[in-house]
Protein chains: 2
Amino acid sequence: MNQDKLKEFEPIFYPRSIAVVGVSKDEQKWGTRFFRGLVNAGFKGKVYPVIPSDDKIEDFESYSNLKLIPGPVDHVIVSVPARFALQVLDDCTAKGVKVVDFFTAGFSETGEEQGCELEREMTQKAAKGGFRIIGPNCMGVYHPAYGKPWGGAYKQMGEPGTIGIISQSGGHGYWLVVNGFVRGIRFSKGVSFGNGCDLDSVDFFEYLAADPDTKIIGAYLEGMRDSRQLFEVIKELSNTKPVVVWKGGRTKGGAAAVASHTGSLAGSDTIWEAALKQAGAIMVHSHEEWVDTLLAFQDLTRFEGNRVSIISGLGGGGGGASVSATDAFIALGLDVPPFTDVTRTGLRNILPPVGSILRNPLDPGGIGGNLDIFKRMIELVITDPNIDLVILNDRLAALSESSRNWVNAISEILINFRKTQSKPIVIVSAPELAGAESREVEKTLSDAQIPVFPSLDRAAKALANIIRYWELVNIS
Amino acid sequence: MNQDKLKEFEPIFYPRSIAVVGVSKDEQKWGTRFFRGLVNAGFKGKVYPVIPSDDKIEDFESYSNLKLIPGPVDHVIVSVPARFALQVLDDCTAKGVKVVDFFTAGFSETGEEQGCELEREMTQKAAKGGFRIIGPNCMGVYHPAYGKPWGGAYKQMGEPGTIGIISQSGGHGYWLVVNGFVRGIRFSKGVSFGNGCDLDSVDFFEYLAADPDTKIIGAYLEGMRDSRQLFEVIKELSNTKPVVVWKGGRTKGGAAAVASHTGSLAGSDTIWEAALKQAGAIMVHSHEEWVDTLLAFQDLTRFEGNRVSIISGLGGGGGGASVSATDAFIALGLDVPPFTDVTRTGLRNILPPVGSILRNPLDPGGIGGNLDIFKRMIELVITDPNIDLVILNDRLAALSESSRNWVNAISEILINFRKTQSKPIVIVSAPELAGAESREVEKTLSDAQIPVFPSLDRAAKALANIIRYWELVNIS
């Protein structure tokens with residue numbers, strides 16, 4: 001059955017050709033942006049611009065109607081006013097299209113009967129015409145390995161990876177990818193399905209469950225048509241692929257906004273939260289927690305235990321930071337246990353006695369530029385049998401201002417430890433002074449499976465989330 | 001009595017001269033850094049380097065002993081090993097010094113009886129010698145208007161302003177100031193007092209209560225000697241000056257780290273939290289919340305009500321952002337009420353019907369570069385009698401990439417609204433793509449009393465904190 005889904009969704013994620021209906025000479029129009037996005041991103045299939053107006057574009061052969069395109073068209077992106085929707089769908093039927101992706105808004109999310117009725121007619125036309133609909137009111141498909149950006153955002157394409165995205169909101173899906181290329185998160189495939197009049201979250205969960213490129217799923221959901229089905233599919237897949245769900249409309253006001261956004265019924269927050277948790281989903285409550293948790297799942301391979309070691313303030317002044325880090329991690333259920341005597345003795349031999357805290361949390365009291373001591377310190381801590389995970393709590397961005405070489409050397413040592421033993425390493429580095437340079441360092445570290453988080457709270461939340469997941473998987 | 005405190009603490013915050021004991025030719029040594037920091041920051045009094053070793057520095061006349069300095073010395077900064085502490089204090093007595101600021105560590109925070117005994121002897125010597133001690137194990141005094149940076153950090157001096165800092169941790173105090181100059185937060189005076197063997201948080205609260213330059217107080221505390229006194233002084237002052245307290249050691253592990261850091265007894269978290277809240281303090285639980293809340297107090301003059309309007313996604317794609325923003329603010333107790341009919345009709349006349357959400361939260365559906373519409377939209381929302389505060393939820397950093405002029409124009413319009421009417425304006429702008437340019441925009445906005453927060457959660461927390469404060473002050 002899973003293999004069927006892969007086959008069925010080929011025109012969605014691997015179309016041989018895409019036609020964009022609603023291109024014009026105005027480069028700011030969404031239809032034009034979708035079209036240019038495909039061309040500039042190097043989309044792997046054919047791309048046809050359909051220009052319903054009298055406009056001409058110079059650099060591409062264009063068509064006034066879908067039906068005039070010479071070759072077969074698998075996939076159509078529609079960006080024309082809602083009143084032309086049914087007519088375009090008739091053309092799609094005539095052309096033998098497999099999937100229609102409706103960017104156009106102005107349907108059930110308006111809350112008016114006319115919009116709802118239009119959506120029902122569209123769904124009927126799709127069933128009769130033998131094609132599926134994504135949307136309306138959505139950004140459609142994202143597939144970096146195949147050259148398909150969100151809309152026209154070919155500059156924000158990101159790198160191919162293991163995270164699949166199911167986002168009812170195009171904006172949230174887009175910003176997840178932007179966060180991704182800034183922080184080294186990589187994506188397999190994504191879909192924003194808006195009102196979801198035909199294909200719904202359940203369909204995409206089923207597809208990503210079967211997709212061999214997808215190892216982790218990040219979902220932003222506002223509502224659903226069939227909750228039982230959704231819980232079933234998540235329950236089945238969450239044992240092998242972590243599912244991180246951010247639910248929009250968890251407050252009464254948020255639920256009202258959901259109705260205006262995608263025409264969805266947000267439902268009771270308590271029921272959603274409980275049912276999805278029971279199905280094995282990791283529930284998150286902000287864009288930041290969503291991004292951070294996905295980054296943690298991507299970079300940290302399966303590990304056991306929740307005993308962290310915290311090292312704060314390589315350049316000195318790590319005392320207060322040690323206290324805060326301990327508070328942040330313990331408050332979220334992680335453990336900060338004492339080192340063994342062997343570790344403590346080892347640390348006493350290499351670190352200055354005054355101004356250091358030779359316990360866990362460890363404040364090395366400004367070992368400064370001494371890379372040899374740094375290396376021996378990390379070795380002692382990471383081999384301690386009381387410790388499952390090592391956290392370096394310092395400001396790489398600020399350090400890089402005065403000494404980029406030093407940050408690079410520190411990174412190299414950490415990357416080497418990451419490669420040669422199994423315990424995860426995590427960095428917490430507040431970005432006050434961050435610029436392009438420090439983002440490069442961050443990406444290099446993430447590429448070597450050392451995630452960097454911008455605050456203690458955010459690191460603690462993400463780690464608590466993935467630790468809970470591995471605990472649940474171990475139990476079941 | 002308040003005036004007495006101002007007079008008594010003059011040698012701390014307005015010394016006519018500072019001697020730094022422990023300067024050497026090594027520019028990396030802390031004594032040298034303190035000395036160079038004063039000189040480079042343009043300290044307003046005299047500065048004398050005391051070099052106990054055979055080192056020489058070329059550009060300043062130096063002294064081998066404090067007593068050999070020709071003029072009077074109000075304030076001494078000590079950075080020599082702990083074993084020389086008592087000897088230096090004898091010199092201070094002989095010289096008639098008024099305050100000694102001990103950077104040196106290795107006292108009660110070591111947990112060893114020898115260190116505790118040394119501190120007791122130091123306190124006795126101070127009492128007999130007629131001077132006060134700040135520390136040991138601390139960064140001492142920060143006073144930007146007087147040219148006194150934290151340690152050697154004259155490049156991170158920040159601007160004079162209204163926020164006073166009392167931080168038991170030098171690191172946390174320093175990073176608060178760094179956040180300040182990045183985000184437009186300005187400071188009156190600050191002190192890091194470490195182990196607090198003589199002068200303690202209570203003394204500095206009393207001083208800042210009287211200090212006319214200080215309107216808001218941000219405190220990071222790990223422990224205290226006399227809790228009753230502390231609660232009394234905060235209770236008295238919190239009615240006129242907001243007191244934002246971040247307490248380190250709120251977990252058991254954090255409390256153990258506190259003992260190793262400043263030798264303090266962290267005490268029961270529940271008791272601290274309850275007692276300080278009852279005294280009128282605003283309790284925060286992370287560095288981010290501390291910084292954000294202080295920024296909010298600085299930029300937002302007293303206002304009433306908790307009814308916010310949220311505008312998301314000026315460049316389009318604001319649907320999901322509207323939902324998330326509403327969830328974030330309502331979850332923290334703020335209200336997102338409907339607009340009046342007048343506002344709704346006005347918005348319907350200027351915004352596109354399709355792709356917009358013409359309610360609160362407001363999604364203007366990509367009004368793009370139309371500044372006239374932007375201005376009329378803000379005017380409608382800000383004059384709505386249902387609304388106390390306007391939140392613009394968009395990514396200025398990302399926008400600035402493609403169109404800096406546009407961001408500047410938007411900023412100018414907002415700054416003008418801020419000047420010409422009384423309702424606060426707040427911006428939420430995630431910093432994924434932020435660089436030096438977007439930090440400039442952020443600082444300009446904050447200087448015009450429009451604070452910028454990096455996430456919805458952080459904005460919501462800070463606003464909830466200051467709204468709670470004004471509610472309490474209104475009741476009492």
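Helices (H or I, at least four residues) and strands (E, at least two) are taken here as DSSP runs, counted from the N terminus. With that naming in hand, let's walk through the structure, keeping in mind that this is a predicted model.

Start with how the two chains relate. Turn chain B by 180 degrees, with 0.0 Å of shift along the rotation axis, and it lands on chain A with an RMSD of 0.0 Å. That is the relation of a two-fold axis. The interface follows suit, since the same surface serves both copies and 100% of the contact residues of chain B recur in chain A.

Now for the interface itself. On each side there are 53 residues in play: 53 of chain B are in contact with 53 of chain A. The size of an interface is often given as the accessible area lost when the parts come together. Between chain B and chain A the buried area is about 3900 Å², and carbon and sulfur atoms give 60% of that. What about polar chemistry across the boundary? There are 12 residue pairs in polar contact between chain B and chain A, counting pairs with both residues at pLDDT 80 or more.

Which parts of chain B do the touching? The elements of chain B that give two or more residues to the side touching chain A are α6 (170-183), β10 (243-247), α9 (252-262), α11 (287-299) and α12 (319-331). The largest share comes from α12(B), with 10 residues. Sort the residues on this side of chain B by type and you get 22 nonpolar, 21 polar and 10 charged.

Those charged residues bring up salt bridges. Side chains of opposite charge can pair when their charged atoms come close. Over all chains the count comes to 50 salt bridges, yet between chain B and chain A it is zero. One to look at is the salt bridge of Lys5(A) with Glu8(A), whose closest N and O atoms are 3.8 Å apart; the cut-off for such a pair is 4 Å. Lys5(A) and Glu8(A) sit three residues apart in helix α1 (residues 2-8) of chain A, so about one helical turn separates them.

Aromatic rings pair up too: a search of the whole structure finds 39 aromatic pairs over all chains. Take Phe35(A) and Phe60(A), which meet edge-to-face, 5.1 Å centre to centre and with 85 degrees between the planes. Because Phe35(A) lies in helix α3 (residues 30-41) of chain A and Phe60(A) in the loop between β2 (46-50) and β3 (75-78) of chain A, the pair ties together parts that are 25 residues apart in sequence.

Finally, the backbone. Most residues other than glycine have a negative phi, and most peptide bonds are trans. Against that background, Gly135(A) and Pro136(A) are joined by a cis peptide bond with omega of about 0 degrees. Pro136(A) belongs to the loop between β5 (132-134) and β6 (140-142) of chain A. Another cis peptide bond links Asn360(A) to Pro361(A), with omega of about 5 degrees, and Pro361(A) is in the loop between β13 (357-358) and β14 (362-363) of chain A. Over in chain B, Asn137(B) is not a glycine but has a positive phi of about 70 degrees. You'll find Asn137(B) in the loop between β5 (132-134) and β6 (140-142) of chain B.

Key:
Residues numbered from 1 in each chain as written. Chains lettered and ligands numbered in written order. Heavy atoms only, no water. Least-squares fit on C-alpha atoms with pLDDT ≥ 70 in both. Contact = heavy atoms within 4.5 Å. Buried area = accessible area lost by both parts, 1.4 Å probe. Salt bridge = Lys/Arg side-chain N within 4 Å of Asp/Glu carboxyl O. Polar contact = N/O pair within 3.5 Å; in protein donor to acceptor, adjacent residues only side chain to side chain. Nonpolar A, V, L, I, M, F, W, Y, C, P; charged D, E, K, R; others polar. Phe/Tyr/Trp six-rings, centres within 6.5 Å; stacked < 30°, edge-to-face > 60°.
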